[in-house]
Amino acid sequence: MIISEQWLREWVNPSLDTSALAHQITMAGLEVDAVEPVAGAFNGVVVAEIVGAEQHPDADKLRVCQVNTGSETVQIVCGAPNARVGLKAPLATVGAVLPGDFKIKKAKLRGVESFGMLCAEQELELSDASDGLMELPADAPVGSDLREYLQLNDSTIEIGLTPNRADCLSIAGIAREVGVLNDLAVTAPAFEPVASAHDEVREVSLDAPARCPRYVGRVLRGVDATRPSPLWLQEKLRRCGLRSIDPVVDVTNYVLLEMGQPMHAFDNDKLSGGIVAREAQSGESLELLDGQTIELRTDSLVIADQNGPVALAGIMGGQPTAVSASTTNLFLEAAFFSPIELAGQARSYGLHTDSSHRFERGVDIAGQRAAIERATRLLVDIVGGEAGPMIEVENADHLPSWSDVEVRAERIRRLLGFDMPADEVERILSKLGLGVTAIDGGWRCSVPSWRFDIAIEADLIEELARIHGYDNLPVTHIQGALVMPSQPEGRLNIRTLRRQLAANGYQEAITFSFVDPKLQQLFDPELEPIALANPISADLAVMRTSLIPGLVAAVAHNTKRQQPRVRLFETGQHFLPGFKPSDTPDKMLAMAITGPRTQESWTGSAQPVDFFDLKGDLQSLMALTGRAQDFRFEAARRTGLHPGQCARIYCLDRAVGYIGALHPDEQRKMGLSAPVYVAEVNLSLISNTRVPEFVELSKFPEVRRDLAIVIDKAITSHDILENVRASAGPYLTSLRLFDVYEGKGIDPKQKSLALGLTFRDQSRTLSDEDVNQAVDQVIDSLEKNYKAGLRN
């Protein structure tokens, strides 16, 4: 956004110089990117009039002009094609200094003396125009200083606005900011509305009300579009980066810059029937004002008459209904287009206009009627004509609306670090155009129609901070109540599990929560995984139902890169069918190992890992809970795992996970040469711990008895140990399985288990009779329940 400082000061004039004003605007959050003078540094240039012009005797492209400087008539040799009698143009007199420290001296051109230089705009650094002399209005006072006549002691201020501050894409918006920053009243230019002088109207209908909920128009008859734009209008446009085209277009551009409301003027005689804001129809095209013809898409919003589209809504008008020098009747348009609906439309056609820039960010929803009134007044004053009635059509259901926003005094103090006085809060918010009502503990504010960016309490506090001044906020040290969070002793901290696994040689992996559907099918073919609506790739298209597929893929990735020994674990969530975003999925722990049991060493040969290596590591985690005896492993089957090396893990009677070797077929499909062993458990179900309790050390000796029993192979050691604990009596303090034997001397259908039983009492020394009785109870129970016998 480029504005003229002089134009801004017509609205609000703080007692600040240009640099201070630019700094103040920047510190208020509207960053000033550049401040430039509107003209180059020059002096000695006056308004002059050519009173005589003859061809140079020795040069076809030069003319010898007699120029009235106001005090005398001087001879100037000039090569400009538009040098003619009656033209008023800038004259650099002898002794003048032009931009670049170029000094004007008396000179001879092809033998003819020249006492100065008639100037083009480029030579004065007013613009890039250099195709002829700068033509001044016919009423320009001859002899007056050009800088004073054009009021060139002015600067342009370029402001880099963020997309949320569309309210500042106008002189009015910037003036509001400067006014509240300096506690000054903002004075908008006063003008008399133009009364209707005829009753001609055009019917307007809104066929796409969600995209165009308000449309305002007006017919002007009898205008003279051949009149030139006044100099003040041309200069204001030039200083804001727009060139003068014709008085009608200049006025609509002026209103856009002044009020922030884009407008368009149609040649009313070229329109047919009523005006309708609708979506384009298939096969329609439109020739735009820039000369290009576009094929309209059906998702594009257009302004149309009964013959078809006449403008690409909010972006650019059409050439067939454009205003020209022969135009005598106008139809003015000012509308509100939904920013969301219009976003990206201009870019999709390779366009970007001042109108689309504003509509995409949002314009004042209540500013259309005022814009039409302002443009009507200017046009009648400049090109004449008579105005008709105002035409206004709206769909209230689709117009944006805002709820009141409340701000608390306590919240202001907490976020800004000090107690802002109530009268200061009310002054700032009121100056910004908000309706402020005091309530208990704060204020309720109604949001003005031009502030799309204010919706929550933090937005109001940001406004207070901006206007108060970020550099005026007090420096306060951050304070916080350092409350130690409670650590429930009955839950096992996940960090403890990670440290234990790291101590056992594992490395933590983090894999995607979405996996290849084919890989998922290898492990959970019975589950229908949740498919992603927009997957980043085809091999990451579904949410994982288990951590194992991703972890096994990581193992394969590493082994294929010369890493034969891999030990990985991962903690994360899995997503079962029926999962909803509001659900909290279970936290899982997965482990995978492959390769040698130990690192290569001279101390021994490298044995490959097996099922019991992974089981032992898993049991070391269970031991951290203080209730390892609550966990058991039972042989089971699971898709993707070896049927003879797979077990379901139980905590008491609840299944909490599984462990096993990767099935040879799946191992081959994944390109793994060595066996891979995996496990997955539900962390939330194994994290309950037994809180340690003090038990007084016994003063009496312990007694150990070893039993070697022979049982059927199908009986698990877990069942035997549970039976021993139940039948050994109260003196059993420790039970350990220290040997399993199958082979010579044992029936091939049986196995031998060696058990170590330790007995002790807290109050006395146990006698042999006490211990023998307990051992006999164990033997009888084992024989009765499992037909176990003592090994001879």
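Is Arg 413 buried, partly exposed or exposed? Arg 413 is partly exposed, with a relative accessible area of 37%. Here buried means under 20% relative accessible area, exposed over 50%, and partly exposed in between (1.4 Å probe, protein chains only).

The views below show a predicted model, in which local features need pLDDT of at least 70, side-chain atom pairs count only at pLDDT 80 or more, and totals for chains, interfaces and linings use all residues. Residues are numbered from 1 along each chain as its sequence is written, and side-chain values use heavy atoms, with hydrogens and water left out.

**View 1. A salt bridge within helix H11 joins Glu 410 and Arg 413.** The N to O distance is 3.7 Å. A salt bridge is a side-chain nitrogen of Lys or Arg within 4 Å of a carboxyl oxygen of Asp or Glu. The two residues are three apart in H11 (residues 409–416), so about one helical turn separates them. Helices (H or I, at least four residues) and strands (E, at least two) are DSSP runs, numbered from the N terminus. Glu 410 is partly exposed at 42% relative accessibility.

**View 2. Arg 597 and Asp 610 form a salt bridge.** Their closest N and O atoms are 3.4 Å apart. Both residues lie in the loop between S31 and helix H17 (611–623), so the pair ties together parts that are 13 residues apart in sequence. Arg 597 is partly exposed, at 29%. Asp 610 is also partly exposed, at 28%.

**View 3. Salt bridges that share partners build a network.** Arg 165, Asp 167, Glu 177, Arg 451, Asp 453, Glu 463 and Arg 466 are joined into one network. The count of salt bridges comes to 53. One of them links Arg 227 and Asp 224, at 3.5 Å from N to O. Arg 227 is partly exposed at 36% relative accessibility. Asp 224 is partly exposed at 28%.

**View 4. Trp 402 and Phe 452 form an edge-to-face aromatic pair.** The centres are 5.5 Å apart and the planes meet at 80°. Rings of Phe, Tyr and Trp (its six-membered ring) pair if their centres lie within 6.5 Å; planes under 30 degrees apart count as stacked, over 60 as edge-to-face and the rest as tilted. The pair links distant parts of the chain, 50 residues apart. Trp 402 sits in the loop between strand S23 (391–394) and strand S24 (405–408). Phe 452 sits in the loop between strand S26 (442–446) and helix H13 (457–468). Both rings belong to partly exposed residues: Trp 402 at 27%, Phe 452 at 26%.

**View 5. Phe 575 and Phe 579 pair edge-to-face.** The ring centres are 5.1 Å apart, with the planes at 75°. Phe 575 is buried, at 9%, whereas Phe 579 is partly exposed, at 28%. The aromatic pairs number nine. Elsewhere, ring pairs link Trp 7, Trp 232 and Tyr 254 into a cluster.

**View 6. Arginines sit over tyrosine rings.** Arg 297 lies over the face of Tyr 349, 4.5 Å from the ring centre. The charged end of Arg 632 sits over the ring of Tyr 650, at 4.6 Å from its centre. A charge sits over a ring if NZ of Lys or CZ of Arg is within 6 Å of the ring centre and within 35 degrees of the ring normal.

**View 7. Seven strands form an open sheet with mixed pairing.** The order is S27-S30-S31-S35-S34-S33-S32. Two strands pair if DSSP finds at least two bridges between them. Strands S27 (507–508) and S32 (631–635) are the edges, each pairing on one side only. S27 and strand S30 (residues 566–573) run parallel over two bridges. Glu 508 has Phe 569 in S30 as its bridge partner. Helix H16 (residues 548–559) packs on the sheet. H16 touches S30, strand S31 (587–594), strand S34 (654–662) and strand S35 (676–682). Contact means heavy atoms within 4.5 Å. The direction of H16 makes about 150° with that of S30. Axes are lines fitted to C-alpha atoms, for helices over the stretch in contact, and angles run from 0 to 180 degrees between N-to-C directions.

**View 8. Four strands form an open antiparallel sheet.** The order is S37-S38-S36-S39. Strands S37 (732–741) and S39 (789–790) stand at the edges. Strand S36 (residues 703–712) and strand S38 (residues 750–759) are joined by 10 bridges. Val 710 stands opposite Ser 752 in S38. Helix H20 (residues 717–727) touches S36, S37 and S38, at about 150° to S37. Helix H21 (residues 768–786) lies across S36, S38 and S39, at about 15° to S36.
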